[in-house]
Amino acid sequence: MQTVYGAEMLPVEAVKAVPPALDPQKQVAGIDSVVAVVNDDVITRRELDDRLRTVARQLEKQGTQLPAPEVLEKQILERMITDLLQAQFAKENGVRVDDTQLDLAITRIAQQNGFPALAEFRAKLEADGVNFKKFREEIRGEIISTRLREREVESKLVISDTEVDNYLANKARMGGANEEFHLAHILVVVPEQASAEKIQAARDKAEQALAQLKGGADFAQVAAGTSDAKDALKGGDLGWRSSDRIPPLFMNELQSLQPGQTTAVLRSPSGFHVLKLIEKRSGSAPVVIVETHARHILIKTSEIVPAIEAKSRIMEIKARIEAGADFAEQAKRYSQDGSAQQGGDLDWLAPGQTVPEFEDAMNKLQPGMIGAVQTQFGWHLIQVLERRSTDVSVQQQRQQARQAIGNFKSEELYQDWLRQLRDRAFIEYRLEENN
């Protein structure tokens with residue numbers, strides 16, 4: 001079975017051994033060809049055709065009209081080159097996803113799609129014409145891409161208090177702070193340190209896309225054939241975005257749009273954009289969150305303390321507390337968490353502040369109850385002390401602002417990193433000579 005990028009090439013001896021009586025057209029069709037060279041790897045005609053068929057099926061299921069074949073082909077090839085460059089970088093830098101981690105990820109995907117058993121999910125995919133082995137490798141590639149982004153981009157983000165202050169002031173000045181926008185977009189990337197000619201070529205490409213839209217073309221079709229953004233093959237659909245997740249450059253334009261309208265071509269550090277406002281709604285209802293005051297005791301797992309032993313210790317502590325022992329004293333004595341000296345007190349916890357397994361277990365407990373749960377850190381004994389509903393505080397507003405700034409700074413930096421990756425690479429296109 002071929003991997004996404006590792007198609008086998010027929011040896012020369014095999015080609016020479018083909019009986020001359022065979023149809024020459026069939027003989028040529030059986031030989032794979034190279035459509036792009038990317039550093040020391042290649043992308044083959046067969047791989048490109050496989051990806052084209054997959055994408056075409058996805059677009060048809062979404063009801064998106066397919067772009068012209070040659071346009072879609074070039075778009076897919078560019079995406080494959082970017083994916084291959086990231087895979088090469090990951091390999092060089094020891095970023096990998098082993099089969100166990102991959103199986104866990106695919107199991108979660110199956111459960112999220114309503115399939116409790118992985119075998120049922122696989123059967124459904126194969127019934128829809130999806131090669132499961134290729135699907136696994138695509139998911140592996142997506143996980144690696146996410147890890148690279150976290151390591152090379154998000155871990156290096158710096159957001160100052162001044163940026164947060166300016167963001168909140170600008171948000172208050174603009175009004176409409178509680179509005180939400182359903183957006184689609186087209187992005188034409190400008191290479192790093194691009195010449196004036198390349199910048200103009202990118203602008204022209206964006207202007208041509210806008211002209212097509214003004215001429216009545218379907219936005220999703222134009223995005224699939226033009227956009228360099230990762231969501232291009234989903235018609236450029238960004239989903240619903242609150243105003244604090246939209247850069248001020250775009251918000252200034254969106255305020256004057258009606259649903260169904262598009263912006264002019266907009267320039268950002270990453271390139272040229274065209275946005276479409278699909279829908280707009282008010283999010284003016286008060287934002288109330290449920291906070292939980294909890295404390296816990298942690299027994300960490302390790303090579304020395306396996307999970308079964310950690311669980312046994314936690315259950316012994318649980319039995320003592322249920323028999324009348326003081327939780328805080330037990331935490332000070334046995335907990336291996338930094339909160340031990342505070343009697344395990346974690347203070348008030350907002351949604352998302354702890355790992356999902358801990359939060360799920362905590363949310364099932366009523367005040368005064370205790371329960372045990374395993375997470376990546378070990379076994380925890382949790383006690384819920386009290387709960388409260390509260391409006392989003394000033395501190396939380398600042399945190400939301402920090403996250404919003406991080407979201408669009410991260411995207412800009414990620415596009416910069418991808419451009420640098422391409423700039424350092426040797427890329428040779430052979431698509432034209434194979435058509």
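**A three-stranded sheet, two nonpolar cores and a buried threonine**

Three strands come together as an open sheet, ordered 2-1-11, with antiparallel pairing. Strand 2 and strand 11 lie at its edges, each pairing on one side only. Averaged over neighbouring strands and with direction ignored, the turn of one strand against the next is 20 degrees. The model behind this description is predicted, and the values that follow are computed from it.

It helps to walk through the sheet one pairing at a time. Strand 1 meets strand 2 (residues 41-44) through four bridges, in the antiparallel sense. Within this pairing, Ala36 stands opposite Ile43, and Val38 has Asp41 as its bridge partner. The two strands make a hairpin with two residues between them. Asn39 sits in that turn and has a positive phi of about 55 degrees. Strand 1 also runs antiparallel to strand 11 (residues 427-429), to which three bridges join it. Here Ala36 appears again, with Tyr429 as its bridge partner in strand 11. Ala36 thus has a partner in strand 2, namely Ile43, and a partner in strand 11, namely Tyr429.

How much of strand 1 is covered? Five of its five residues are buried, so the strand counts as mostly covered under the 20% limit on relative accessible area. Helix 3 packs on the sheet and touches both strand 1 and strand 2. The direction of helix 3 makes about 55 degrees with that of strand 2.

The sheet also leads into the nonpolar interior. The largest nonpolar core holds 40 residues, and those touching the most other members are Ile43, Leu48, Ile76, Leu77 and Trp417. Ile43 is the residue that Ala36 faces across the hairpin pairing. At least two core residues each come from strand 1 (34-38), helix 3 (45-61), helix 4 (69-92), helix 5 (99-112), helix 6 (118-127), helix 7 (132-152) and helix 15 (394-423). Helix 4 contributes the most, giving nine residues. A second core, separate from this one, has 16 residues, among them Val188, Ala223, Val265 and Val274.

Another site worth a visit is Thr292, which belongs to strand 7 (residues 288-300). Is Thr292 buried or exposed? With a relative accessibility of 2%, Thr292 counts as buried, because buried means under 20% relative accessible area. The side chains of Thr292 and Arg387 are joined by a polar contact of 3.1 Å. Which residues surround Thr292, once its neighbours within four places in sequence are left aside? Thr292 is in contact with Asp347, Trp348 and Leu349, with Met362 and Asn363, and with Val384, Glu386 and Arg387. Arg387 is therefore listed among the contacts of Thr292, under a cut-off of 4.5 Å between heavy atoms.

Stepping back to the protein chain as a whole, there are 15 helices and eleven strands. Of its 435 residues, 40% are buried. Among contacts between residues at least 6 apart in sequence, 72% join residues at least 24 apart. The exposed area of the protein chain is about 24200 Å², with carbon and sulfur atoms supplying 51% of it.

Conventions: Residues numbered from 1 in each chain as written. Predicted model: local features only at pLDDT ≥ 70, side-chain atom pairs only at ≥ 80, totals over all residues. Heavy atoms only, no water. Core = buried A, V, L, I, M, F, W, Y, C linked by side-chain atoms within 4.5 Å. Buried < 20%, exposed > 50% of the residue type's maximum accessible area, 1.4 Å probe, protein only. Polar contact = N/O pair within 3.5 Å; in protein donor to acceptor, adjacent residues only side chain to side chain. Pairing = 2+ DSSP bridges. Axes fitted to C-alpha atoms, helices over the stretch in contact; angles between N-to-C directions. Areas by Shrake-Rupley, 256 points an atom, 1.4 Å probe, with all protein chains shown as cover.
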